[in-house]
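Visitor: Please walk me through this model, one question at a time.

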Amino acid sequence: MLKKFVTVRFVLSICLFFSVLFAGYSIYYKIKYWGFNFAPKQTTDVWTIEAHISFEPTGDPIKISMATPTVSDEYKILDEDAVAPGYKINKDRKNNRVVLSSSPKEGTQNIYYRILVFDNEYGKGKIRSPIRPEVEKPIFDEQRLTVAQELLKLSDRQEGDDVQRIIRLLNQTPPDPTVLAFMPMKKSQKEITEAVSSLLALKNIPTRTARGIKLEENKKSFTPDLMLEAYMNGRWILYNIQTGKKGLPENFVIFQRGGVSLLDVEGGSDSVIKFTVLKSISSSLSLAGPRAKLAEMKNWYDNSIYSLPLMEQNTLKWLMIFPLAILIIVLMRNVVGVVTMGTFTPMLISMSLIKTGFLPGLVCFGIIITLGLALRAVLSKLNLLLVPRISAVVIFVILIMQGLMIMGYRMKFDVASSAAFFPIIIMAWIIERASITWEEDGPVNATREIIFTVLVAIITYFVISSEYIRHIMFAFNELNLVILFIVMLLGTYTGYRLTELRRFAPLVQKKGK
């Protein structure tokens, strides 16, 4: 009983099932953590943020401390470096700052800090924080406190939560007279942030500032944008200080949070920091390594085909498509029942068509086969032995290709020059096989096999010539394991082929009568 149950087909079916599970998980992992995509030539924006720090030395030892962004769910850091000749550079990862130190210097100092970020996605801008921070109440005189309390009452007429209502009230145009009594007509982002924080403190809502950079292509020499974070419902929520909109804006990188300064310079005066943003395009596959490193799966990536040099990868891109071409041939021969000139001859012809181009390749193939069959018919009259006869056919094929190439060059026909890409031995074997079939089974069967060979080659060509399919088979090469077990399962199929169903159809009709 057990022997009947554990058949070859059953074992192969189990293997196919597990290969599908493995391929599915592997594809999911590559898409989620390595950034792979089903579309070819998928690119990723890589943003270079450059901070330019300039100051005048005072003659004392110099120490510069600047806040830097950290890896978050909204973006990933590809690389960072500092251009500061003569300075010692240290990274304070605990406080997310870069520290540069130097002995006293003379003349205006210019220091550049660069960071490359990618996968900058839209984030919710909400950071969990189970510990509620203490609120430092503002010190107001009686008159200013009265005005602040009146503003809190007026803010209740606005839409949104407590933070959004206050921000929208202070940015209202024209401003309410009570707002003018609390802050000036022309107000900066910093003044609005301080006013909102003071009013929220009266409502016992903790706040902190956040400075960041909006990633806009070719935007130069600008200061960081100021935003406000408020502690609501057990987490810090980011707000736009001008519109009151919640969440981290798209393409926004935060450099500094809280009361810590963005830049501290000791031993220098008149310090200025300006930012420049540049965008570049990089292949998603080329960023798979950094993504794997961030996902703590660098060893897996280093032992994959994607860590190989580009030349080897380009070779494997074609090798990875072969199993799919083989599957097509197995289906056409074992399921459809098509007879071809050789088992894998159609696949080799389809690969040649990719090199030559579809129509030029078919034209050259037709000319070579036609002339080769004519010459083979002459050889059959001479009663030569097998090996010399095939050798002569090979030489004839080479001479035909030579003639086509010369003709193409003289007449400026690209079609003829495509002949060199066809495998000589395969062409000679097709001619020999077709001639033998012609002699033994007649011209109809020989012509049918040639037509079926070309038909299967065309079907295979349109599959493997697709850039999408080639990309998928290379990027998700675990699919070849699935194809392996499908091919093996097809090897256990002993039923009728589709062509045989048509062949035996009259018998079925006769039995039905």
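Guide: Let's start with a term: two residues are in contact when heavy atoms of theirs lie within 4.5 Å. This is a predicted model, so to speak of local features we need pLDDT of at least 70, and side-chain atom pairs count only at pLDDT 80 or more, while totals for chains, interfaces and linings use all residues. Residues are numbered from 1 along each chain as its sequence is written, and side-chain values use heavy atoms, with hydrogens and water left out.

Visitor: What share of the contacts with a separation of 6 or more comes from residues 24 or more positions apart?
Guide: The count takes in contacts in the protein with a separation of 6 or more. Within that set, residues 24 or more positions apart account for 77%.

Visitor: How many helices and strands are there, and what percentage of the residues counts as buried?
Guide: Helices (H or I, at least four residues) and strands (E, at least two) are DSSP runs, numbered from the N terminus. On that basis the protein has 20 helices and 14 strands. Buried means under 20% relative accessible area, exposed over 50%, and partly exposed in between (1.4 Å probe, protein chains only). Of the 513 residues, the buried share is 41%.

Visitor: Which strand is joined to β1 by 14 bridges?
Guide: Strands pair if DSSP finds at least two bridges between them. β1 (residues 43-57) has ten bridges to β6 (residues 109-118), running antiparallel, and His52 has Tyr112 as its bridge partner there. The 14 bridges go to another antiparallel strand, covering residues 268-283, where Pro57 is partnered by Gly268. That strand is β14.

Visitor: Which element gives the most residues to the largest nonpolar core?
Guide: A nonpolar core is a set of buried Ala, Val, Leu, Ile, Met, Phe, Trp, Tyr and Cys residues joined through side-chain atoms within 4.5 Å. The largest one has 29 residues, and Ile49, Ile64, Val117 and Phe255 touch the most other members. Elements giving two or more residues include β2 (62-67), β5 (97-102), β12 (252-257) and β13 (263-266). The top contributor, with five residues, is β1.

Visitor: How many residues make up the other core that lies apart from it?
Guide: In soluble globular proteins, nonpolar side chains tend to be buried together. Here, Ala148, Leu154, Ile167 and Leu169 are among the members of that other core. Its size is 26 residues.

Visitor: How many residues apart in sequence are the parts that Phe38 and Phe476 tie together?
Guide: Rings of Phe, Tyr and Trp (its six-membered ring) pair if their centres lie within 6.5 Å; planes under 30 degrees apart count as stacked, over 60 as edge-to-face and the rest as tilted. A search of the whole structure finds eleven such pairs. In one of them, Phe38 and Phe476 have centres 4.9 Å apart and planes at 45°, so the pair is tilted. Phe38 lies in the loop between α2 (8-33) and β1, and Phe476 in the loop between α17 (467-475) and α18 (479-490), so the separation bridged in sequence is 438 residues.

Visitor: Is Phe476 buried or exposed?
Guide: Phe38, its ring partner, is partly exposed at 40% relative accessibility. Phe476 has a relative accessibility of 0%, so it counts as buried.

Visitor: Which aromatic ring has Arg208 over its face?
Guide: A charge sits over a ring if NZ of Lys or CZ of Arg is within 6 Å of the ring centre and within 35 degrees of the ring normal. Lys317 sits this way over Phe474, 5.5 Å from the ring centre. For Arg208, the distance is 4.2 Å and the ring is that of Trp236.

Visitor: What relative accessibility does Arg376 have?
Guide: Arg376 is in helix α12 (residues 358-380). Leaving out residues up to four places away in sequence, Arg376 touches Arg389, Val393, Ile431, Glu432, Ser435, Ile436 and Glu439. Arg376 counts as buried because its relative accessibility is 3%.

Visitor: Which Phe does Gln313 contact?
Guide: Gln313 is in helix α9 (residues 310-319), and with a relative accessible area of 10% it is buried. Leaving aside neighbours within four places in sequence, its contacts are Ile305, Tyr306, Ser307, Leu308 and Phe474.
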